[in-house]
Amino acid sequence: MLDVFAAFNADVATQPQWIQVWLNVLVGVLALSIPFSFVRVEARWTLLGLVVGAGGVLFLYSQFGYSRILGLGHVVAWTPLVAYLLARRSHWRVPETWAGKWIVVAVAVLLVSLAFDYVDVIRWLLGDRA
């Protein structure tokens, strides 16, 4: 597993700088689910989504290498997560809590990521295997 993770990181390092920055923002925002999970159920589900999504990406990477199909790991894990989080928006308490503010940022980051991921998966299905 460490070999797959190391190879994945090496492939990410060859990507354009904006992709590397985006991945750091994505992981950083979603990693904040760890401390917020002590006080918010939404953060616990986000942490699970992070683990499942990352695991899915690494599994797909081990099977297909660095290609557009990797987005499928996020699509499967994060589409229901975003639906759940949006269904609970009346509980976010954005003005009153840091956790509520974080949920807004996390949902925005997840939606942007999913937009990229859906495009990548569709392109992969249409034959663009890069």
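**Exercise 1.** Describe how helix α5 and helix α6 pack in this predicted model.

*Solution.* Step 1: locate the helices; α5 covers residues 71-87 and α6 covers residues 98-125. Step 2: give the geometry; the angle is about 140° and the axes lie 9 Å apart. Step 3: give the hand; the crossing of α5 and α6 is left-handed. Step 4: list the contact residues. From α5 they include Leu72, Val75, Trp78, Val82 and Leu86; from α6 they include Val107, Leu111, Leu114, Tyr118 and Val121. Step 5: sort the contact by class, which gives 13 nonpolar residues, four polar and one charged.

**Exercise 2.** Compare the span of α6 with the span expected from its 28 residues.

*Solution.* Step 1: at 1.5 Å a residue, α6 should span 40 Å. Step 2: the C-alpha atoms at the ends of α6 are 40 Å apart, so the two values agree. Step 3: look just past the helix, where glycine 127 has a positive phi of about 110°.

**Exercise 3.** Characterise the largest pocket by its volume and by its lining.

*Solution.* Step 1: the volume of the largest pocket is about 930 Å³. Step 2: 33 residues line the pocket, and Phe8, Ile19, Leu23, Tyr66 and His74 are those nearest its centre. Step 3: assign the lining to elements; α1 (2-13), α2 (17-31), α4 (41-64), α5 and α6 each give two or more residues. The largest share, nine residues, belongs to α2. Step 4: by class, the lining has 20 nonpolar, nine polar and four charged residues.

Note on methods
Residues are numbered from 1 along each chain as its sequence is written. This is a predicted model: local features need pLDDT of at least 70, side-chain atom pairs count only at pLDDT 80 or more; totals for chains, interfaces and linings use all residues. Side-chain values use heavy atoms; hydrogens and water are left out. Axes are lines fitted to C-alpha atoms, for helices over the stretch in contact, and angles run from 0 to 180 degrees between N-to-C directions. Helices (H or I, at least four residues) and strands (E, at least two) are DSSP runs, numbered from the N terminus. A crossing is left-handed if the near helix is turned anticlockwise from the far one by less than a right angle, and right-handed if clockwise. Contact means heavy atoms within 4.5 Å. Ala, Val, Leu, Ile, Met, Phe, Trp, Tyr, Cys and Pro count as nonpolar, Asp, Glu, Lys and Arg as charged, and the others, Gly among them, as polar. On a 1 Å grid over the protein atoms alone, a cavity is a set of points where a 1.4 Å probe fits but cannot get out, and a pocket is an open set with protein on both sides within 12 Å along at least five of seven lines; lining residues have an atom within 4 Å of a point. Grid points are joined across faces, edges and corners, and a volume is the space filled by probe spheres set on the points. The expected span of a helix is 1.5 Å times one less than its number of residues.
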